[in-house]
Amino acid sequence: MTAEPDFVVVATLDRLADKAFLRVMIDDHGLIVARDGDTVHAFQGTCPHEKADLAQGRIEGCRVICPRHLASYSLIDGKVSRGWKVDALKIYPVRIEGTDIAVDAAAVRRDPPGGARKRWDLTGG
Ligand code: FES
């Protein structure tokens, strides 16, 4: 049985410029939301290869590129670029609700991102 979606607001859209990344938390899980034109994506915050911080990467052609070894992952299905033998990036349903960005917390709980329980330091200090 599949749990009902549980969309929770994680940020306002005006905080996310085109091609920018924003670290967000759902429960104790660190995720990234990223904007690519009119589309917003939500995905696990660390690279499935060696856990690099994907918020330091970049978006190109609907793919996120890891800053460490440059593997890229589809933001549609999470598949890694050719030649890599690592797990797919976990992608989560996201939607725009007026001026807010909302992510399906039920999907996150059901399939937590790699490196689950990592806490982001959102204080900037
Ligand atoms: S850590 Fe991301 S490609 Fe190696």
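Reader: Is Asp6 buried, partly exposed or exposed, in terms of its relative accessibility?

Author: The structure is a predicted model, and each value discussed here is computed from it. Asp6 has 30% relative accessibility and therefore counts as partly exposed. The class of partly exposed residues lies between buried, under 20%, and exposed, over 50%.

Reader: With which residue does Asp6 form a salt bridge, and how far apart are the closest N and O atoms?

Author: A salt bridge joins a side-chain nitrogen of Lys or Arg to a carboxyl oxygen of Asp or Glu. In this model, the partner of Asp6 is Arg109, and their closest N and O atoms are 3.2 Å apart. Asp6 belongs to the segment before β1, whereas Arg109 belongs to helix α1, residues 105–110, so the pair ties together parts that are 103 residues apart in sequence. Arg109 is likewise partly exposed, at 40% relative accessibility.

Reader: Which other side chain meets Arg109 in a salt bridge?

Author: The side chain of Asp27 does so, with an N to O distance of 2.8 Å. Asp27 is in the loop between β2 and β3 and Arg109 is in helix α1, so this salt bridge ties together parts that are 82 residues apart in sequence.

Reader: How many salt bridges are there by this rule, and which residues are joined into one network by shared partners?

Author: The count is 7 salt bridges. One of them brings together the side chains of Arg95 and Glu97, at 2.8 Å from N to O. Arg95 is partly exposed, with a relative accessible area of 41%, and Glu97 is also partly exposed, at 30%. As for the network, salt bridges with shared partners join Asp6, Asp27 and Arg109.

Reader: Over which ring does the charged end of Arg95 sit?

Author: A charged group may be placed over the face of an aromatic ring, and this is judged from the distance to the ring centre and the angle to the ring normal. Here the charged end of Arg95 sits over the ring of Phe7, at 4.0 Å from the ring centre.

Reader: How many aromatic pairs does the structure hold, and how should one be read?

Author: The structure holds 1 aromatic pair. The angle between the ring planes gives the arrangement, and planes over 60 degrees apart count as edge-to-face. Phe21 and Phe43 form an edge-to-face pair, with 90 degrees between the planes and 6.4 Å from centre to centre. Phe21 is in strand β2 and Phe43 is in strand β4, so the pair ties together parts that are 22 residues apart in sequence. Phe21 is buried, with a relative accessible area of 17%, and Phe43 is buried at 0%.

Reader: Where do nonpolar side chains tend to be found in soluble globular proteins?

Author: In such proteins, nonpolar side chains tend to be buried together. In this model, the largest nonpolar core has 17 residues, of which Val10, Ile26, Leu31, Val33, Tyr92, Ile101 and Val103 touch the most other members. The elements β1, β2, β3, β4, β10 and α1 each give two or more residues to this core. Another core, of 16 residues, lies apart from it and has Ala34, Leu54, Val64 and Tyr73 among its members.

Reader: In which strand is Val64, the bridge partner of Ile59?

Author: Val64 is in β6. Strands β5 and β6 run antiparallel and are joined by 3 bridges. Both belong to an open sheet of 3 strands, in the order β5-β6-β7, with antiparallel pairing. Strands β5 (58–60) and β7 (72–74) are the edge strands, each with a single partner, so one side of each is left without a neighbour in the sheet. On average, neighbouring strands of this sheet are turned by 30 degrees against each other, direction ignored.

Reader: Which residue in the loop between β6 and β7 should be examined for its phi?

Author: Leu70 lies in that loop. Its phi is positive, about 70 degrees, although Leu70 is not a glycine. Leu70 is exposed, with a relative accessible area of 53%. Asp27, in the loop between β2 and β3, also has a positive phi, near 55 degrees. Asp27 is partly exposed, with a relative accessible area of 44%.

Methods. Residues are numbered from 1 along each chain as its sequence is written. This is a predicted model: local features need pLDDT of at least 70, side-chain atom pairs count only at pLDDT 80 or more; totals for chains, interfaces and linings use all residues. Side-chain values use heavy atoms; hydrogens and water are left out. Two strands pair if DSSP finds at least two bridges between them. Helices (H or I, at least four residues) and strands (E, at least two) are DSSP runs, numbered from the N terminus. Axes are lines fitted to C-alpha atoms, for helices over the stretch in contact, and angles run from 0 to 180 degrees between N-to-C directions. Rings of Phe, Tyr and Trp (its six-membered ring) pair if their centres lie within 6.5 Å; planes under 30 degrees apart count as stacked, over 60 as edge-to-face and the rest as tilted. Buried means under 20% relative accessible area, exposed over 50%, partly exposed in between (1.4 Å probe, protein chains only). A charge sits over a ring if NZ of Lys or CZ of Arg is within 6 Å of the ring centre and within 35 degrees of the ring normal. A salt bridge is a side-chain nitrogen of Lys or Arg within 4 Å of a carboxyl oxygen of Asp or Glu. A nonpolar core is a set of buried Ala, Val, Leu, Ile, Met, Phe, Trp, Tyr and Cys residues joined through side-chain atoms within 4.5 Å.
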